Number of protein chains: 2
Amino acid sequence: MTGADADADGPAAPIRLLIVDDHPIVRDGLRAAFEDDPAFAVAGQAADGAEAVRLAADLEVDVVLMDLRMPKMGGVEAIRLLRERRPEIRVLVLTTFDSDADVLPAVEAGATGYLLKDAPRDELLRAVRAARQGQAVLAPSVAQKLLGRMRAPEPAEQPLTERELKVLRLVAAGTTNREAARQLFISEATVKTHLLHVYAKLGARDRAAAVAEAYKRGLLS
Amino acid sequence: MTGADADADGPAAPIRLLIVDDHPIVRDGLRAAFEDDPAFAVAGQAADGAEAVRLAADLEVDVVLMDLRMPKMGGVEAIRLLRERRPEIRVLVLTTFDSDADVLPAVEAGATGYLLKDAPRDELLRAVRAARQGQAVLAPSVAQKLLGRMRAPEPAEQPLTERELKVLRLVAAGTTNREAARQLFISEATVKTHLLHVYAKLGARDRAAAVAEAYKRGLLS
DNA sequence: TCGGGCATTAGCCGATCGGTTGATGCCGCC
DNA sequence: GGCGGCATCAACCGATCGGCTAATGCCCGA
C-alpha cells in the first residue's frame, strides 16, 4: 500500500525507449510525454524503419514505439527484423490507423501491442509498462477489429498472388482484359482466370467491386 | 546586420497560437516546438474543429495550426467558419497528407498555408512567422501538386453530382446497372447515363477505372 | 424569360465481361 | 514420387456494359 512492494532494485531502472516515427512533431510529442516521468528514458529516435533497426542493434532498448507508415522501410518490415535480431525487445505499434490493412501484418510480425496516436497520455504510459513485461496491449478499437476478424468467418482474407495483383492494377487503370493480356505478354484467357481468382478472394462479383475491395484493404494505391 | 532592424515594438509580442489536432501526442509535439521559443505563445489547444472554432472566438489568436482529419468537425469546415468569423486569423494547415483530396478544399476554405507534419522544426517556425504576415506558405510537395493541377489541363476536376455518386457507390459494391436502377427506383437507362457522366468527369473508361479514380480522389470510403 | 444544369427515359449496336470446364507445365513441400 | 499451388491456355455461352443520339421535365439564376 505504501508503494514499497516492488523496490527490489531501488528506484528501478527506467524503461529504455526507442521512438520511431517519420514526423519530428510526433517524435517530440512522445519524447515529451515520457521524459517527464523518471520511470522512462528515451534512448533514441529514428525516422524510418531502417534507422530503427540500426539503432536498436547498438542501444540498450526495452520497448520500441513504432509508427507503421514510414519512408525507406515500413514499420511492419522493421518489426520483423527487430524481433528476429533482438527478440527481447518489445514493439508497441503506435499509429494513426486510418487504414485497417496494417493491423494484422504488424501483429503477425511480432508487435506486442497496438495503440492509436489519439490515445490519452496515461494510457500510453501504462501500455509501455505492460509491453515491457510482454503483455499484449491493444487499443479498444483495434481489439474490436481483431476480434471481428476472428469471429467473422470472413473468407479467410486470402492474399492475392503477385500476378493477380498486377492484373488487378491494370484493371483499376481501366484496361480491358485484352489490353492487360498484351501488356503482361500472356493470353486473354489467363487474364480472365486471374481475375476470377481475384473475385473469389476478394468476395467481389466484378472488376469494379474488386477494385473497391482492394482499395478498402489497402492493396491498391 | 546586427539584428536591430525590426525592434520597433521591443521584444515584439509573441505570436499567439491555437493548436488543433485530435492526437494528444501531436499537440504535445507542437507545443514543445513552440514553447521553447519566446517569439511564440501557445494560447490554446483543441482536439477537433468545433472546439477550435469555439476557442478561437474567446482567445486572442494570431495563427491557428490545423489538422484536417478530425472527429466531429473536420479541418476544412473549421477553416471556413474561422475565416468567416475572424478573418484576421491566419490558418496553417498541418497534416499528414496521405490524401490529396484535402489540399484544394482547405486552400479554398481560406488556409494561409499548407505544411506537412514531417517538416523540420525550423521550417515550421518560419512558416508560422510568414503566415502571421499573411504570406502564403506551401510545403514544396504541396506547391508542386498545386502547380501540377494548374498547369495540367486536367478536365477541371469536375465534382460529381449527388446522384452520380450514389450510382458510383453502388457500382463499387458490385451492383449491375439493372440492380442499381431497382435500388434507386429509376430506369436502367438513367443509371447508364449517370455512369457515362461519371466516366467523363473522372476520366475513366469503365466502371473499374471510375471506382479506382474515385478512391484516389477520396470520393469513396 | 430564356438559358443551363440536372435527373430522367428510350432504343440500338458491337464489344466486353463473367462463368464454366478442362487442360498443361512448373515448382516446392511432405 | 505425389500432391497442391501457381501460372498458363482454350472454347463457349449468355449477360452486361460502353457509346451514341435524342428526348422530356424541373428548377435555379442571369
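**Exercise 1. Burial of helix α10 of chain B**

In this predicted model, determine which residues of α10(B) are buried and what they pack against.

Solution.
- Step 1. Apply the cut-off: a residue is buried if 20 or more other C-beta atoms lie within 10 Å of its own.
- Step 2. The residues of α10(B) that are buried are B:Arg207, B:Ala208, B:Ala209, B:Ala210, B:Val211, B:Ala212, B:Glu213, B:Ala214 and B:Tyr215.
- Step 3. The helix spans residues 207–216, and nine of its ten residues are buried, so α10(B) is largely enclosed by the rest of the structure.
- Step 4. The partners of these buried residues come from both chains: α7 and α10 of chain A, and α7 (162–172) and α9 of chain B.
- Step 5. Just past the end of α10(B), B:Gly218 has a positive phi of about 80°.

**Exercise 2. The contact between the two chains**

State how many residues of each chain take part in the contact between chain A and chain B, and describe the side that chain A contributes.

Solution.
- Step 1. On chain A, 32 residues are in contact with 32 residues of chain B.
- Step 2. On the chain A side, α1 (24–35), α7 (162–172) and α10 (207–216) each give at least two residues.
- Step 3. The helix that gives the most to this side is α1(A), with eight residues.
- Step 4. By class, the side of chain A that touches chain B has 17 nonpolar, five polar and ten charged residues.

**Exercise 3. The surfaces near the DNA strands**

For DNA strand D, identify the residues that come nearest and the elements that form the surface near the strand. Then do likewise for DNA strand C.

Solution for strand D.
- Step 1. There are 20 residues around DNA strand D, and those that come nearest are A:Arg163, A:Ile186, A:Ala189, B:Asn177 and B:Asp206.
- Step 2. Two or more residues of this surface come from each of α7 and α9 (188–202) of chain A, and from each of α8 (177–184) and α9 (188–202) of chain B.
- Step 3. α9(B) gives the most to the surface near DNA strand D, namely five residues.
- Step 4. The class count for the surface near strand D is five nonpolar, seven polar and eight charged.

Solution for strand C.
- Step 1. DNA strand C has 20 residues around it; A:Asn177, A:Asp206, B:Thr161, B:Arg163 and B:Ile186 come nearest.
- Step 2. The elements with at least two residues each in this surface are α8 (177–184) and α9 of chain A, and α7 and α9 of chain B.
- Step 3. The largest share of the surface near strand C is that of α9(A), five residues.
- Step 4. The surface near strand C divides into five nonpolar, seven polar and eight charged residues.

**Exercise 4. Packing of α2 and α3 in chain B**

Decide whether α2(B) and α3(B) are roughly parallel or roughly antiparallel to each other, and list the residues that make the contact.

Solution.
- Step 1. The axes of α2 (residues 49–58) and α3 (residues 75–85) of chain B come within 8 Å and cross at roughly 20°.
- Step 2. Angles under 35 degrees count as roughly parallel.
- Step 3. α2(B) and α3(B) are therefore roughly parallel to each other.
- Step 4. Their crossing is right-handed.
- Step 5. From α2(B), the contact uses B:Gly49, B:Ala52, B:Val53, B:Ala56 and B:Ala57; from α3(B), B:Gly75, B:Glu77, B:Ala78, B:Leu81, B:Leu82 and B:Arg85.
- Step 6. Sorted by class, the residues in the contact of α2(B) with α3(B) are seven nonpolar, two polar and two charged.
- Step 7. For the spacing of such residues, recall that an α-helix has 3.6 residues a turn, so residues three or four places apart point the same way.

**Exercise 5. The position of B:Leu59**

Locate B:Leu59 in chain B, and say whether B:Leu59 is buried or partly exposed.

Solution.
- Step 1. B:Leu59 sits in the loop between α2 and β3 (63–66) of chain B.
- Step 2. B:Leu59 has 13 other C-beta atoms within 10 Å and is partly exposed.
- Step 3. Leaving aside residues up to four places away in sequence, B:Leu59 touches B:Leu18, B:Ala43 and B:Gly44.
- Step 4. B:Leu17 is 42 residues from B:Leu59 in sequence, with a C-alpha to C-alpha separation of 9.6 Å.

**Exercise 6. An inventory of chain A**

Count the helices and strands of chain A, and give the percentage of its residues that count as buried.

Solution.
- Step 1. Chain A contains ten helices and six strands.
- Step 2. Chain A has 221 residues, of which 40% count as buried.
- Step 3. Among contacts in chain A with a separation of 6 or more, 58% join residues 24 or more positions apart.

Note on methods. Residues numbered from 1 in each chain as written. Chains lettered and ligands numbered in written order. Predicted model: local features only at pLDDT ≥ 70, side-chain atom pairs only at ≥ 80, totals over all residues. Contact = placed C-beta atoms within 7 Å. Helix = DSSP H or I, 4+ residues; strand = E, 2+ residues; numbered from the N terminus. Nonpolar A, V, L, I, M, F, W, Y, C, P; charged D, E, K, R; others polar. Near = placed C-beta within 6 Å. Buried ≥ 20, exposed ≤ 12 C-beta atoms within 10 Å, placed from the backbone. Axes fitted to C-alpha atoms, helices over the stretch in contact; angles between N-to-C directions. Parallel < 35°, antiparallel > 145°, perpendicular 65-115°, else oblique. Left-handed = near helix turned anticlockwise from the far one by under 90°.
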